[in-house]
Each structure stands twice: as C-alpha cells, then as structure tokens.
Amino acid sequence: PCSVSEVITSLRAVLDLEDRRRCHLILDGDDAAMSTDGRLLVDALERAILARLGHVSAVMVHVHVDGDQAHFNLVDTPDETELAALLTEEEACTSLAEDLLVRDVERLGGAVALRVAGAHRCALISLPLNIPVPTPEVAA
C-alpha cells in the first residue's frame, strides 16, 4: 500500500535534476491511500515520462482522486519540430513506452486511454484506490 502523494514523491526522486525541471508534477485536491504496487506504478510512469521528454520540452503530470479512482494524466505539447521528430523512426520508442505503460497499469487493475486533443498528447491513467485482495481458501 502507498498514498497518491507517495507515488508523486517517489516519481520526483527517480527523475534526475534536468528531467525534474521539465516534468511538472501536480497533485490536485486531497491525497488518498492506494492498495497497489507503488514501485511498479512509479517505474511505469517514469518510463512513459522519459520517453515523452525525448521529444518534447516539458511534460505535465496532473494527479487527482475522484471517488474510488486515482487519475494520473500525462500531457505534453510537441512543437512543430518535435512533432516532425515523432513521425520518424523514433516514434516506435514512444509507442513501446506507451505499450509498456498500458501493460503495467492493467497489471495493477487500472486502465490507460491514449488521446490527442488539439496539439496536446495525453495518457489518461486510472487506477482503483482499493484492489480487492483474494482470500485464500481454507482446506477442510
């Protein structure tokens, strides 16, 4: 178990100084406890952020809790030069990072929606705050 704010703190800690300057981490609203693998979540977010920072000057990670879900939204805005770079063979690296993000978030019981909204590229990540833990069967 971990809290949403602990995920953000851990994510900030794993990024180097230059990447921290280019990654804007925002917790909007109240903190909440999560029953999830925090290490896997931080690793997945870090990989996705670093892949995006390879193509854009900054990434915003907007985090908020809504009901029984925690939402981690990655948003970036490629400029014309960066957008042209995305259309080269380097695009496969970003796609691989997004595929890994989807895989890891699904392992955690969540979902990822990848969107383009105007000039913004978004990864919308939703995770349940409480994942039911199966109770072991007792042999009779």
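User: In which helix of this predicted model is E98 found, and is E98 buried or exposed?
Analyst: In this predicted model, E98 is found in the helix that spans residues 91-107, namely α5. A residue counts as buried under 20% relative accessible area. The relative accessible area of E98 is 16%, so E98 is buried.

User: Which residues does E98 touch, leaving aside those up to four places away in sequence?
Analyst: Residues up to four places away in sequence are not counted here. One of the contacts, R52, also meets E98 through a salt bridge between the side chains, at 3.4 Å from N to O. R52 lies in helix α3 and E98 in helix α5, so this pair ties together parts that are 46 residues apart in sequence. The full set of residues touched by E98 is R52, L114 and R121.

User: With which residue does R52 form a salt bridge whose closest N and O atoms are 2.5 Å apart?
Analyst: The partner lies in strand β5, whereas R52 lies in helix α3, so the pair ties together parts that are 24 residues apart in sequence. R52 counts as buried because its relative accessibility is 2%. The partner also counts as buried, at 1% relative accessibility, and is D76. The salt bridge at 2.5 Å is thus between R52 and D76.

User: Which residue meets the side chain of D76 in a salt bridge at 3.1 Å, N to O?
Analyst: D76 lies in strand β5 and the partner in strand β7, so the pair ties together parts that are 45 residues apart in sequence. The partner has a relative accessible area of 11% and is therefore buried. The residue that meets D76 is R121.

User: How many salt bridges does the count come to, and which residues are joined into one network by salt bridges that share partners?
Analyst: The count comes to eight salt bridges, among them the pair R52 and E98 and the pair D76 and R121. Salt bridges that share partners also form one network. The residues joined in that network are R47, R103, D104 and R107.

User: Which strands stand at the edges of the open sheet?
Analyst: The open sheet has five strands in the order β2-β4-β5-β7-β6, with mixed pairing. Each edge strand has a single partner strand, so one side of each is left without a neighbour in the sheet. The twist averages 15° from one strand to the next. The edge strands are β2 (23-28) and β6 (111-117).

User: Over how many bridges do β5 and β7 pair?
Analyst: Strand β5 covers residues 69-76 and strand β7 covers residues 120-128. Within this pairing, Q69 stands opposite P128 in β7. The two strands pair in the antiparallel sense, and the number of bridges is eight.

User: Which strands does helix α3 touch as it packs on the sheet?
Analyst: Helix α1 (residues 4-14) lies across β2, β4 (59-66) and β5, running at about 170° to β2. Helix α3 (residues 38-53) has a direction that makes about 15° with that of β5. The strands touched by α3 are β2, β4, β5 and β7.

User: Is the crossing of α1 and α3 left-handed or right-handed?
Analyst: The axes of α1 and α3 come within 10 Å and cross at roughly 50°. That angle makes α1 oblique to α3. The contact is made by V7, S10, L11 and V14 of α1 together with R39, L41, V42, L45, E46 and I49 of α3. The crossing of α1 and α3 is right-handed.

Notes: Residues numbered from 1 in each chain as written. Predicted model: local features only at pLDDT ≥ 70, side-chain atom pairs only at ≥ 80, totals over all residues. Heavy atoms only, no water. Helix = DSSP H or I, 4+ residues; strand = E, 2+ residues; numbered from the N terminus. Buried < 20%, exposed > 50% of the residue type's maximum accessible area, 1.4 Å probe, protein only. Contact = heavy atoms within 4.5 Å. Pairing = 2+ DSSP bridges. Axes fitted to C-alpha atoms, helices over the stretch in contact; angles between N-to-C directions. Salt bridge = Lys/Arg side-chain N within 4 Å of Asp/Glu carboxyl O. Parallel < 35°, antiparallel > 145°, perpendicular 65-115°, else oblique. Left-handed = near helix turned anticlockwise from the far one by under 90°.
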